[in-house]
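Welcome! Take a moment to look at the sequence and the model, then work through the exercises at your own pace.

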Amino acid sequence: MTAGLASAMAKGGVRLQPMAEAHRAALKAACAEDPEIWPIYATSWDPAHFDQTFDRTMALENARKHHNTYPRVYVVQTGKKASDWKVAIIGEAHPGDLGV
């Protein structure tokens, strides 16, 4: 049922892929482009907190891989610029739910 979530999914100009260490630099750049937004969130991805938040989020994703629990952590890419990268923590998703 969740096998399709282990790989990237794409439709149109949107790409959804499981979060990985390889995303760190692009996400760090994207999150740094809008520092005013982070105070309204419970978890800050601003430059001062980015690495700590990324590490905690990756730990969640790695634990999920071993225990097959939710939520899943995805990187959503809607374009080629740094500001087009987002992090989505999804409680439960199925490829069909995403139109893929």
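Below are three exercises, each with a worked solution.

This is a predicted model, in which local features need pLDDT of at least 70, side-chain atom pairs count only at pLDDT 80 or more, and totals for chains, interfaces and linings use all residues. Residues are numbered from 1 along each chain as its sequence is written, and side-chain values use heavy atoms, with hydrogens and water left out.

**Exercise 1.** Find the residues of the largest nonpolar core, and say which helices each supply at least two of them.

*Solution.* Start with the term: a nonpolar core is a set of buried Ala, Val, Leu, Ile, Met, Phe, Trp, Tyr and Cys residues joined through side-chain atoms within 4.5 Å. Buried means under 20% relative accessible area, exposed over 50%, and partly exposed in between (1.4 Å probe, protein chains only). Next, list the members: the largest core has 11 residues, namely Met19, Leu27, Ala30, Cys31, Trp38, Trp45, Phe50, Phe54, Met58, Val75 and Trp85. Finally, helix 1 (24-32) and helix 2 (50-67) each supply at least two of these residues. Helices here are DSSP runs (H or I, at least four residues), numbered from the N terminus.

**Exercise 2.** Work out why the buried residues of helix 1 line one face of the helix.

*Solution.* First, pick them out: Arg24, Leu27, Ala30 and Cys31 are the buried residues of helix 1. Then look down the axis of helix 1: these buried residues fall within an arc of 135°, so they line one face. The arc is taken from the directions that run from the helix axis to the C-beta atoms.

**Exercise 3.** Trace the salt bridges of Arg24 with Glu21, with Asp51 and with Asp55.

*Solution.* A salt bridge is a side-chain nitrogen of Lys or Arg within 4 Å of a carboxyl oxygen of Asp or Glu. Begin with Glu21: its closest N and O atoms to Arg24 are 2.6 Å apart. Arg24 counts as buried at 17% relative accessibility, while Glu21, at 46%, counts as partly exposed. Move on to Asp51, where the closest N and O atoms are 2.9 Å apart; this pair joins helix 2 to helix 1 across 27 residues. Then take Asp55, which meets Arg24 at 2.4 Å, N to O. Asp55 lies in helix 2 and Arg24 in helix 1, so the pair ties together parts that are 31 residues apart in sequence. To finish, put the pieces together: Glu21, Arg24, Lys28, Asp51 and Asp55 are linked in a network of salt bridges.

Notes
Helix = DSSP H or I, 4+ residues; strand = E, 2+ residues; numbered from the N terminus.
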